[in-house]
Amino acid sequence: MRRRFYPLISLLLVFVSAGISSAKSEEGHFPTTGEIPDPVAGFNHLWREVMIDITVVGILFALVTILLLITYRRKRAGQEGRPVKLSTAAMFGWAIIPVFIFMADDFYLGAKGWTLWNSYRTPPESSYEIQLESAMWSWKFTYPGGVETYNELKVPVGTPILVRMTSSDTVHSLFIPDFKVKEDSMPGRVTYLWFHPKKVGEHLITCAEYCGMLHSNMSGKVIAMEQGEFDSWLASEQAALTEGGA
Amino acid sequence: MSGSGGGVGKFLKEWIFTIDHKRVGILYLIGSLAAFAVAGLMAMLIRVELSSVGPTITDPNTYNVWLYFHGAAMILGFQIPALTGFFANWLIPLQIGAKDVAFPRLNALSLWLFWMGIILALLTFVVPNPPDIMWTGYPPYSILSPGNTAFYTFTVLIMGFASIAGGVNLITTIIYMRAPGMRWGKLNMFVWCTMAAFCIQLIFVPILGTAVTMVSMDKYLGTTFFSPTSGGDVLLYQNLFWFYSHPAVYVILLPVLGIIFDIVATFARNRIFNYKVAVYGGVGGITLVSGEVWVHHLYASGMPNWIRVGMMMSTLLISVPVGLCMLSIIGTLYRGAIEFKTPMLYAIGFIFLFLIGGLTGIPLALASLDIYVHDTHFIVAHFHYVMAVAGTFSIVGGIYYFWPKFTGKMYNETLGKLGFAVTFIGVNVTFFTMFFVGLEGMPRRYFDYAQMPQLEDGQRLVTYGAFVLAVGFLITLISWLHSLFAGKPAPDNPWGSKSLEWTTSTPPGPGNWPDVPNCEKFDPYGYGE
Ligand SMILES: [Cu+2]
């Protein structure tokens, strides 16, 4: 008689433990550098949490299935199942309780995902803005003074970088794996993404939206340099540009 | 089965001009398996190309055509026709107690259209400048491409017409041609699931047809629907395309679930657990939510933030009806008497593959996590788990399940189980590894990854897995051929199922039953008691 309820109990256990595993990593949300939110840290944090959540749910679901498969294997030829007759209350219970649990988990994750989403989509006030025009198959970056680079996005360390992008031919997608950002660039629309380089170094840029023959060759890099170095590079390029233009 | 004495012509004529739902179904099956074989070959070539950095066996142009064909043929040529063409046509009249479908000639028309679509798709390999625009066909690339976009448009349109004709036909059949006493409340899960899938097809296929037609009009007739310089909009296409193509995932998933429900009930000798909730909550819920989630394909496309957030919630909520269905499937095992024949092994394999695929969909539903893995190998692994291989496990399991009935022969259980085991291992080596390659940042649809040479080991492991997978499918194919030529004759009801299709003779003759069965006392899941 009691045995009838053990699937329900194991299902509840699945979600309770999933809830606990999610809740325990609640503290330390989005470490920030001063006023600037840190989507990379937020991403790593939420990703880990969701991975733990789905691993626990997955393993418990799998264990319940395996347990049922072993317990109720056919022991003699011609054996029939002993179907459960659900009362109306049990029928609704088996619908409403799981729905509630699923929805609770959904809204919990949705809320956290939304918070992180806002930091992804809200470039800080202090951002340095660079324009991007993608084409088959290269990236053209334009700096505030009109300096242009191809496939190399030089940025100063410590400043949030806002890239506003469009495309001159087809849809491309600016993907910088190290900063966990990606956004499509397309003709006729202006889209954006922002990221925050903190250390001197180079980061890969790739194209993530299929754009024809050389799609996989459409790569470039972010070159993060000290503010002083960046300023003098930009100034010398600017000078060369003014001279050439004059 | 072949006719005698100069009967080859007669035999072919009987099959080609058939209006019998069972033969139409089997011809759908042959066509879709042909598409599966060619698209599978493309997959193997793609994997070989990716097994090492740099060009391995081909050039980017050829590679892109393989990718295009693999995607388009697997979805439009294999999975949708196998499920809504073969299983629906062959099975629904048998499960509801009808002598045929409502409009047998319309049925033949949809079959012919489908075969035209298959032939048109195969012409990809013969025409100059084959399409290289992926199965999504996004403009402006599909307009700028030197490839022959019209082949894509017409393949989609013809397959779409076939689908609409099939949908109208089978929905009518289910509503009007159920045997006396076959009430709605006791239909097989497969009938419910497929009817929901056809409703989705009828609503959404015209939108896909519109979108791909507009692409070809832009390319060949100089209209500017998707050209921003003349007031068009690039994103319009992506919205129209996914407005159909996300529901299309459920057009595949619903019949897939229906087959699994029926296999599990038969081999567990048990009633569907919480049948009403599975039908109204699960199947009904999936149908209702299917059209409200398409923007999760556009999380990285610069859509307004509010709609990305709204669709994030609706996407997460899909877990509710899908969860109810899974609960009913797993619940059907409870207090059952489970027999592990090949079809049941495929159903169990489905449960685990679908679990992995479904759960990895949760980070993808969250826009803020999707933004990193969007358009990478991670998502390729996810949709192969949840749709491609989970769906194919259900299709293969379903073919094994109904094999004795539609061929009249038994298959070899050892070969069947061996094929299952090898395929299951191959699938997991291939696609579980692919998750990690994707997490490292490997974008999809890449011919080469010279900028990420550290991924070579992972890519090679994926390729090895794909070969194991191919061997598994070959064993399955051998087991089918072996059965056709050397199988023992099948009894009418080898599995002891209570479902109506097993009450016919094996294989069912014209008209299915001598008289339309009376179903007043019938129950497809009337086990136990
Ligand atoms: Cu590109």
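Colleague: How much space lies in the second largest pocket?

Modeller: In this predicted model, the second largest pocket holds about 550 Å³ of space.

Colleague: Which residues lie nearest its centre?

Modeller: They are R271(B), I272(B), N274(B), Y275(B) and K276(B). The full lining of this pocket consists of 23 residues.

Colleague: And which helices supply at least two residues each to that lining?

Modeller: Three helices do so: α3 of chain A, and from chain B both α9 (275–289) and α11 (319–333).

Colleague: Let us turn to cavities. How many of 30 Å³ or more are there?

Modeller: The count is five. The largest cavity has a volume of about 120 Å³. It is lined by 15 residues, and those closest to its centre are F69(B), A72(B), A73(B), A121(B) and T155(B).

Colleague: Where does the largest share of that lining come from?

Modeller: It comes from α3(B), which gives six residues. At least two lining residues each are supplied by α3 (60–96), α4 (104–122) and α6 (149–176) of chain B.

Colleague: Now salt bridges. How many are found over all chains?

Modeller: A search of the whole structure finds 18. One of them joins K198(A) to D38(A), with the closest N and O atoms 2.7 Å apart.

Colleague: Where in chain A do those two residues lie?

Modeller: K198(A) is in the loop between β8 (191–195) and β9 (201–207), while D38(A) is in the loop between α1 (6–23) and α2 (39–71), so the salt bridge ties together parts of chain A that are 160 residues apart in sequence.

Colleague: Is D38(A) buried or exposed?

Modeller: D38(A) is buried, because its relative accessible area of 13% is under the 20% cut-off. Its partner K198(A) is partly exposed, with a relative accessible area of 38%.

Colleague: What does E202(A) form a salt bridge with?

Modeller: Its partner is K221(A), and the closest N and O atoms are 3.6 Å apart. This pair links distant parts of the chain, with E202(A) in strand β9 and K221(A) in strand β10 (residues 220–225), 19 residues apart.

Colleague: Why does E202(A) count as exposed?

Modeller: E202(A) has a relative accessible area of 51%, and exposed means over 50%. K221(A) counts as partly exposed, at 30% relative accessibility.

Colleague: What about chain B: which residue does E14(B) pair with?

Modeller: E14(B) forms a salt bridge with R23(B), the closest N and O atoms being 3.6 Å apart. E14(B) is partly exposed at 36% relative accessibility, and R23(B) is partly exposed at 26%.

Colleague: Which residues are linked in a network of salt bridges?

Modeller: R74(A), E339(B) and K341(B) are linked in such a network.

Colleague: Changing topic, which residues form the nonpolar patch on the surface?

Modeller: The patch is formed by V8(B), L12(B), I16(B), F17(B) and W112(B), which together have about 520 Å² of accessible area.

Colleague: Which helix gives the most to it?

Modeller: Helix α1 (residues 8–16) of chain B gives the most, with three residues. L12(B) lies in that helix and is partly exposed, with a relative accessible area of 45%.

Colleague: Back to chain A. How many helices and strands does it have?

Modeller: Chain A has four helices and 10 strands. Along the sequence, the pattern is α-α-α-β-β-β-β-β-β-β-β-β-β-α.

Colleague: What share of chain A is made up of buried residues?

Modeller: Of the 246 residues in chain A, 51% are buried. The accessible surface of the chain comes to about 11,300 Å², and 63% of that area belongs to carbon and sulfur atoms.

Colleague: What share of its contacts with a separation of 6 or more joins residues 24 or more positions apart?

Modeller: Such residues account for 69% of those contacts in chain A.

Colleague: One last residue. Where does P123(A) lie?

Modeller: P123(A) lies in the loop between α3 (88–121) and β1 (128–135) of chain A. P123(A) is partly exposed, with a relative accessible area of 27%.

Colleague: What is P123(A) in contact with, leaving aside its neighbours within four places in sequence?

Modeller: P123(A) is in contact with L162(A), Y192(A) and W194(A). The C-alpha atoms of P123(A) and T88(A) are separated by 53 Å, and these two residues are 35 residues apart along the chain.

Methods. Residues numbered from 1 in each chain as written. Chains lettered and ligands numbered in written order. Predicted model: local features only at pLDDT ≥ 70, side-chain atom pairs only at ≥ 80, totals over all residues. Heavy atoms only, no water. Patch = residues over 30% accessible without salt bridge, like charges linked within 9 Å, V, L, I, M, F, W, Y side chains within 5 Å. Areas by Shrake-Rupley, 256 points an atom, 1.4 Å probe, with all protein chains shown as cover. Salt bridge = Lys/Arg side-chain N within 4 Å of Asp/Glu carboxyl O. Buried < 20%, exposed > 50% of the residue type's maximum accessible area, 1.4 Å probe, protein only. Contact = heavy atoms within 4.5 Å. 1 Å grid on protein atoms, 1.4 Å probe; cavity = no way out; pocket = protein on both sides within 12 Å on 5 of 7 lines; lining within 4 Å. Points joined across faces, edges and corners; volume = space filled by probe spheres on them.
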